[in-house]
Amino acid sequence: MVEATFYPSAGLGPAPLAIFTHGSGVGRNQLRTWSFSTEAHWLRDNGFAVLALMRRGRCRSEGINGEEDFECNHEGNLIGASGGIAGAVEDLESAIAYARKLPGIRSGPLLLAGQSRGGFLAMHYVGLKPSEVMGAW
């Protein structure tokens, strides 16, 4: 289970979905929920339904934060981060699937946004599934 804050659209009828996700510092877990309330309220007032996601191992989200599991060569140089990224993508996909079942969510492409590592995750997801995303920032 991962923690998320839902902001239903202020408009009438089904709304497109926007998902926000947080950044993270290497070696530290988030100890507080990031609600992205300013951004979420602006988007909901402009026709979106918003889900602010806390990925695994952060705040009240279950699991272990594995995003700092980087693969390095014998010299200590970074050669990959696919394991941690895969877990973050799983969390994002789970949040998308959950949010699409909520009342008032319109089917179709969604908006992804994130801060720092969350922004990287949003851009990475666009590369994986471009037809599912209307925009990212």
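**The largest cavity and strand 2 in a predicted model**

A search of the whole structure, which is a predicted model, finds 1 cavity of 30 Å³ or more.

Me: What makes this space a cavity and not a pocket?
Reply: The term cavity applies because a 1.4 Å probe fits at its points but cannot get out, whereas a pocket is an open set. The largest cavity holds about 30 Å³ of space.

Me: Which residues line the largest cavity?
Reply: The lining consists of Ile19, Thr21, Leu92, Leu112, Ala113, Gly118 and Ala122. Two or more lining residues come from each of strand 2 (17-21), strand 6 (110-114) and helix 3 (117-128).

Me: How are the lining residues divided into nonpolar, polar and charged?
Reply: There are 5 nonpolar residues, 2 polar and no charged. Gly counts as polar under the classes used.

Me: Why is strand 2 called largely enclosed by the rest of the structure?
Reply: Buried means under 20% relative accessible area. In strand 2, 5 of the 5 residues are buried, so the strand is largely enclosed by the rest of the structure. Leu17, Ile19 and Thr21 point one way, Ala18 and Phe20 the other way, and all are buried.

Me: How do you know that strand 2 pairs with strand 3 and strand 6?
Reply: Pairing requires at least two bridges between two strands. Strand 2 and strand 3 (residues 49-53) have 5 bridges in the parallel sense, with alanine 18 opposite valine 50. Strand 2 and strand 6 run parallel and are joined by 4 bridges; there, phenylalanine 20 has alanine 113 as its bridge partner. Both strands therefore satisfy the criterion for pairing with strand 2.

Key:
Residues numbered from 1 in each chain as written. Predicted model: local features only at pLDDT ≥ 70, side-chain atom pairs only at ≥ 80, totals over all residues. Heavy atoms only, no water. 1 Å grid on protein atoms, 1.4 Å probe; cavity = no way out; pocket = protein on both sides within 12 Å on 5 of 7 lines; lining within 4 Å. Points joined across faces, edges and corners; volume = space filled by probe spheres on them. Buried < 20%, exposed > 50% of the residue type's maximum accessible area, 1.4 Å probe, protein only.
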